[in-house]
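User: I am new to this one. Please walk me through the terms and show what each rests on.

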Amino acid sequence: MDILIVLEESNGQIHRMGLESIAAGQRLSDEMGLTAGALVLGGNADGLADQASKYQLGEVLKVKDALLESYSADGYSEAVKQIIDQENPTYVLFGHTYQVRDYVPRLSAKLNKPFLVDNIAIRVENGQPIFTKQMFNAKLSADVKANGSGPFLVSFQSAAFSMDAAVAGSASIRESTVQLDAAMIRTKSEPPFQEEAGGVDLTSADIIVSIGRGIGKEENIPLAVELCKALGGELAASRPVVDSGWLPSAHQIGSSGQSVSPKLYLALGISGAIQHVVGMKGSKNIVTINKDPDAPIFEISDYGVVGDILEIIPKLTEAIQALKN
Amino acid sequence: MKIAVLIKQVPGAESPLQISSDQKWVDESAVAYVMNESDNYALEEALQIKEAHGEGEVVAVSLGPERVQKTVREALAKGADRAIHIKMDTVEAIDPLVTAGHFKNPLEEENFDLIFTGLQSDDLGMGQTGVILGEMLGMTTASLVMATEVSAGNIKVKRELEAGWFQWVSLSLPASITIQSGLNTPRYPSLKGIMGAKKKEIKVIEGEGTDAGQSMVKMYLPQSEKQTVMIEGSADQVVEKLMDAFRNNVNVL
């Protein structure tokens with residue numbers, strides 16, 4: 001097959017970003033006239049293969065091996081390399097998940113073939129795909145191309161393609177094997193855990209007041225808390241605020257925190273790095289206040305104010321309190 | 001314990017970014033450079049491991065033109081023992097395989113127990129160099145690390161997974177680890193450190209160009225995905241207009 005889409009498991013299902021990469025693969029396959037198939041591996045390969053076979057794909061490869069039952073960078077990079085050697089695809093597609101970030105660079109080094117990461121779009125020009133990626137923390141966009149001959153490894157940013165765009169169909173399942181040896185796997189993983197179980201649930205909030213680096217210092221947090229109370233919303237933050245220890249990580253929005261889609265997302269002093277945006281892009285109304293007119297968050301905002309949040313927040317709080325009284 | 005920390009010099013969060021005339025990169029003359037944020041955390045973690053063990057060496061390694069020596073000196077001032085500067089002027093080399101390739105030989109000769117890199121750079125954001133280098137040097141690898149525990153021949157790391165999940169992973173040494181921001185509190189250089197840094201060694205190695213597997217076609221300003229209504233005026237006027245939008249358009253008041 002020409003396009004191999006590598007799927008990953010999340011709670012017994014194909015990871016959402018895997019479905020998105022099926023949509024991407026189908027599109028690339030249509031536009032370039034290439035065949036596409038999927039690869040599933042790991043402890044639940046049977047279940048994932050059944051799910052993947054319900055999409056319009058040439059075929060679904062499944063690899064079952066005791067050494068792949070739990071994830072390891074050593075095991076997964078070697079297994080996918082062997083499958084690529086067997087199948088010789090030109091493009092190998094992935095969702096840009098944390099697991100992919102952990103092992104696919106190893107795979108790239110093993111193959112000595114480039115890994116074009118975290119793309120937000122793809123288009124075909126003169127028979128060659130051009131990949132679009134954000135750079136400089138989303139302040140600039142870049143079109144990137146692969147050189148030489150494949151296989152080329154390509155990952156897509158969360159929501160770059162809609163999983164609803166993945167076309168249903170019926171694909172045959174083929175079992176494939178890899179040669180692994182226990183000594184190859186030099187790491188030992190413990191079970192995943194959640195740090196603050198039962199913490200703050202931001203996913204059901206209608207109104208979220210979210211603060212970023214622009215809040216300046218910890219002493220300014222109460223300003224945002226007051227505004228949040230006045231609006232009757234939940235307080236959230238981008239990563240720098242959590243990294244600085246100003247708010248617990250349970251308040252973090254983004255790829256390593258929670259994903260939300262409230263009626264109002266008020267972004268205060270947040271620049272809009274990719275890792276944050278993937279967690280709030282689906283909000284119904286995004287209102288941004290930031291002193292930097294070039295902050296990338298304005299591009300996804302419904303309302304934007306270029307201004308000083310420390311000056312505007314107290315006045316806004318006051319106006320809301322006055323209205324509610 | 002001998003630890004290499006890969007340090008990248010990148011445009012600061014507040015730096016102006018003008019796209020260069022060939023549209024392949026930014027105009028570097030307008031840029032204010034700083035140490036890449038997650039590299040700063042990686043350096044701090046290495047220094048803390050060395051201090052906790054009471055012995056060892058932390059070596060800052062940086063790739064880039066002459067200007068990166070300023071950032072290298074900053075790493076030395078914070079406590080790195082010495083530095084290696086792989087000198088390379090090409091700015092458009094975006095392929096992490098090429099980048100990691102520059103580090104391979106200089107690091108291989110040194111036989112490091114650990115290589116620390118920041119999770120990703122604030123310019124290219126490829127997030128691959130440390131892991132690729134681990135494979136090239138036959139090391140174990142782990143990414144997005146939020147805590148480390150080093151013991152004889154082994155490192156245990158807390159990996160960040162998605163949506164607030166974590167996992168502890170044990171790796172045999174040597175290991176190449178990519179460090180996530182926020183796992184420690186990076187120190188500021190002391191005056192004594194700044195003075196001492198001037199006497200520390202920076203070994204300069206000339207880098208060599210190689211063919212890249214991926215290259216830049218064009219850089220441009222992102223296209224806005226929405227019609228953003230920009231609200232202007234004094235703080236009072238802005239508040240008035242926001243209140244109007246909250247009440248009549250967003251319907252939250």
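Analyst: Start with one pair: Phe116(B) stands opposite Ile177(B) in strand E10 of chain B. This is a predicted model, in which local features need pLDDT of at least 70 and side-chain atom pairs count only at pLDDT 80 or more, while totals for chains, interfaces and linings use all residues. Residues are numbered from 1 along each chain as its sequence is written, and chains are lettered from A and ligands numbered from 1 in the order in which they are written.

User: What makes E6(B) and E10(B) a pair?

Analyst: Two strands pair if DSSP finds at least two bridges between them. Strands (E, at least two residues) and helices (H or I, at least four) are DSSP runs, numbered from the N terminus. E6(B) and E10(B), residues 175-179, share 5 bridges, so they pair, in the parallel sense.

User: Which strand else joins E6(B), and in what sense?

Analyst: Strand E1 of chain B, residues 2-6, runs parallel to E6(B), with 4 bridges. There, Val5(B) stands opposite Phe116(B).

User: Why is strand E6 of chain B called largely enclosed?

Analyst: A residue is buried if 20 or more other C-beta atoms lie within 10 Å of its own, exposed if 12 or fewer, and partly exposed in between; C-beta atoms are placed from the backbone. In E6(B), residues 114-118, 5 of the 5 residues are buried, so the rest of the structure largely encloses this strand.

User: Which residues cover each face of E6(B)?

Analyst: Leu114(B), Phe116(B) and Gly118(B) lie on one side, Ile115(B) and Thr117(B) on the other, and all are buried. In a regular strand, side chains alternate between the two faces of the sheet.

User: How do you know that chain A agrees with a compact globule?

Analyst: The radius of gyration is taken over C-alpha atoms, and the globule rule is 2.2 Å times the number of residues to the power 0.38. For 325 residues that gives a value near 20 Å; chain A has 22 Å, which agrees. Buried residues make up 56% of chain A.

User: What makes up the contact between the chains?

Analyst: Two residues are in contact if their C-beta atoms, placed from the backbone, lie within 7 Å. Chain A gives 70 residues and chain B gives 66. On the side of chain A, helix H4 (residues 98-111) has the largest share, 8 residues.

User: Which strands pair between chain A and chain B?

Analyst: E12 of chain A (residues 187-189) and E9 of chain B (residues 165-172) pair in the antiparallel sense, over 3 bridges. Lys188(A) stands opposite Ser170(B) there.
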